[in-house]
Structure formats: C-alpha cells, structure tokens
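Let's take a look at the charged pairs and the enclosed spaces in this one. The sequence and the model come right below.

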Amino acid sequence: MKKAFLILEDGTVFEGKSIGADKEIISEIVFNTSMTGYLEVLTDPSYAGQAVTMTYPLIGNYGVCYKDMESKKGWPDGFIVRELARMPSNFRSEDTVQHFLEENDIPGICSIDTRALTKILREKGTMNGMITTNENYNLDEIIPKLKEYTVTGVVKKVSCDEIEKYVPGDIGSEKVAADKNIAVIDVGTKKNIIRCLLNRGCNVTVYPCDFDADEVIASKPDGIMITNGPGDPAECVDIIAQVKKLADSGIPVFAICLGHQLMALAHDAKTYKMKYGHRGANHPVKNLETGKVYISSQNHGYVVDADGIDASVAKPWFVNVNDGTIEGLEYIGKPVKTVQFHPEANAGPKDSEMLFDEFMKMIGGNK
C-alpha cells in the first residue's frame, strides 16, 4: 500500500496509507460519529464537496450491499478511516469498501488516528484539507490552496437531470395502492425519502433542482417534499425564490435538512455555518409541542439562525437537546413544516419516521 498524507489548512499532517482511487484531492474535512451505515454515508449526496472522517475505528467489516445505497453513486471527495476491513464477513455482503471507493473514483486514507483528527476539527472547527500520495509535498505551496478552497455548485451536481416518476413497489418499496401524488424537489435526495413516501401509498414525481414552481403547482400534487442536500443554502438563490412560491401555494409542504434551510431563507430568516456541524446517528431532538425527545440521524454543516426567525412567520417545532439549535419549524397560517434532521434515517434510528405520517395527515386535510 502506498503512503498517503492528510494535510490540514492549519499545517497539521497525518501520515497513513492510501485506499480507494489513486488521486489527489482538496476538500472540506468533516467527521461522522455513526458506528454503522458507512455505505449510506458514502452514497449520501449531502457529502458532495466534503471528505468524510469516520470516527468509529473499524470500517468495512460487513462489506457493501448495493441495495443499501442511498443514491446511484458515491459522493464524498474523500474517505478517511482508522482501519479499513479488507475481508468483510456478512451474508449480505457483495463487495468491499476498497473496491467501492475505486469504482466510484473516491480516494482515501487509512491507518491514521481519526480520533485525534476529530478532536482538532472539534476544537478549531471544520477546515479544508488535502489527501495526497506525493511524499515530496510542499506545505508552503499547499496551505494557500487549502485556504482558498470553497464548496460551490454542489446542489446542481447531485440533483437529477430530468423529471423522474416512481410508484409503490419501486426501489424496494411495498406494493400498496396509491391514492396520493407527491412532488419531490431533488436538491440531493436520498432513496429512502422516496421509499418512505411510496410505502405510504404515494405516487412520486421527482423534479430537478432547477425546477419551475409554477409547473409543480400546475401539476396539482397532494403534497410537496423538499429534500436534503449539500453545500451552503444561501448560495441557492434561484431555488429559494421557487421554494417561496411553493410555500405560498397552499399545497402542504414538508422539507428535510437543506430543504428546511431553504424554506427558512425563503421567509427572510438567516442561516450560518456551524463550527463542526452535526453528522451522526445519535443526536437527540426535542418536540416542543409534546416534550418528547427522539434520537435522530443528522448530516449538516449549516443551521437556521434562531434569532432571525419572525414569530409571526414561523415557530420552533424541534430543538437540538445538546446545543439548543433549531431542528424544526412550523409556519404560521401555512401547511408547511420542516425538520433539520433525517426522519427517513437510513442509516440511523427510526424514532422520527412517524413524521412522514404527520405529512400524510397534512395532505389528508388538504384533499
């Protein structure tokens, strides 16, 4: 195995071994605390523009089962692990993580202290870095490049190119009778969002991120879902304008993660970049109406600014128990609800999947 190096913009260098594709990348370095679900992480479009550090020390031990993929390909720029299992043991395993990384052109590094790396990112905040196999690297040349790097244009990169249609029974969903039509705005959707809708008797039409809100509204869907996705939400100026039209249409809207942030921005709230974000499968969120706490799966680096929410426009629905940040909003006088976490939760806890049933109730009142 070749030597590989992870170089952070603060000058810290980790030496390890190369895994995956043999190429050099510059990316934003983030960490995920999930103990399982590495394939779902690798195929989550929200990681476009980022290199993911897995804090759990052994990754790949149950191999790769392609049915578990959350999209058609791998999206992270890079993959960083302590130890990569070369010989998985699982009756469902079809492949190794090493081969998956190679096939998806994702470079990585193993045999580094990922806990030490995570501590740096927690203390100093998310920063840019380089994964390289060049042993003659020059820090004086690399550091300025790292500081200049920004994540841009990733929503367009991960969104579908044209309208897609699904019916119950597709993508592993249950073959139930469909009596509802849902429009899904794809700003980086995961398969399980669509699957959760199909399982609840919905025909699903998926629109690309450059959708026309008037076209969506004219199709008269029973409800609209705005999905998760990558990058800085404030960059999506054109999408935000279209989201505002959807919110004003009177059609029930439910939004997840990036969709939650876009809806807030469409109502003149603000978002900001967190120090190191929420990425993992064990984040507690509290429903402010019931007082009940759910364990949630999360993956985001930006958050809606609680101080910028007009009380006459929206009210907090969920908050993060650990740091008090906004995890959900209910809009006043509109059938619109949003959450920052992932109720579809693959991989992760299923505690909050009932929010899809909440969405179905919203639709039922509209029909």
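## Ground rules

A residue is called buried when its relative accessible area is under 20%, exposed when over 50%, and partly exposed in between. Keep in mind that this is a predicted model.

## Salt bridges across the chain

Side chains of opposite charge can pair when their charged atoms come close. Searching the whole structure turns up 18 salt bridges. Take Lys3 and Glu15, whose closest N and O atoms sit 3.7 Å apart. Lys3 belongs to strand S1 (residues 3-8) and Glu15 to strand S2 (residues 13-20), with their positions twelve residues apart in the chain. Lys3 has 40% relative accessibility, so it counts as partly exposed, and Glu15, at 47%, counts as partly exposed too.

Then there's Lys156 with Asp210, a salt bridge at 3.2 Å from N to O. This pair links distant parts of the chain: Lys156 is in helix H5 (residues 154-158), while Asp210 is in the loop between strand S13 (202-207) and helix H7 (213-218), 54 residues apart. Asp210 counts as exposed because its relative accessibility is 53%.

## The Arg200 network

Which residue does Arg200 pair with? The partner is Asp357, with the closest N and O atoms 2.8 Å apart. Arg200 lies in the loop between helix H6 (191-198) and S13, and Asp357 lies in helix H10 (residues 354-364), so this salt bridge ties together parts that are 157 residues apart in sequence.

Is Arg200 buried or exposed? With a relative accessible area of 17%, Arg200 is buried, since the cut-off is under 20%. Asp357, at 35% relative accessibility, counts as partly exposed. Shared partners also join Arg200, Lys350, Glu353 and Asp357 into one salt-bridge network.

## Cavities

Four cavities of 30 Å³ or more show up in the whole structure. The largest has a volume of about 140 Å³. It is lined by 17 residues, and those closest to its centre are Asn32, Val41, Asp44, Ser297 and Ala347. Helix H1 (38-42), strand S16 (271-287) and strand S17 (293-304) each supply at least two residues of that lining, with S17 giving the most, three residues. By class, the lining of the largest cavity has four nonpolar, ten polar and three charged residues.

The second largest cavity holds about 40 Å³ of space. Its lining includes Ala264, His267, Asp310, Leu329 and Tyr331. Here the classes come out as seven nonpolar, two polar and one charged.

Note on methods:
Residues are numbered from 1 along each chain as its sequence is written. This is a predicted model: local features need pLDDT of at least 70, side-chain atom pairs count only at pLDDT 80 or more; totals for chains, interfaces and linings use all residues. Side-chain values use heavy atoms; hydrogens and water are left out. A salt bridge is a side-chain nitrogen of Lys or Arg within 4 Å of a carboxyl oxygen of Asp or Glu. Helices (H or I, at least four residues) and strands (E, at least two) are DSSP runs, numbered from the N terminus. Buried means under 20% relative accessible area, exposed over 50%, partly exposed in between (1.4 Å probe, protein chains only). On a 1 Å grid over the protein atoms alone, a cavity is a set of points where a 1.4 Å probe fits but cannot get out, and a pocket is an open set with protein on both sides within 12 Å along at least five of seven lines; lining residues have an atom within 4 Å of a point. Grid points are joined across faces, edges and corners, and a volume is the space filled by probe spheres set on the points. Ala, Val, Leu, Ile, Met, Phe, Trp, Tyr, Cys and Pro count as nonpolar, Asp, Glu, Lys and Arg as charged, and the others, Gly among them, as polar.
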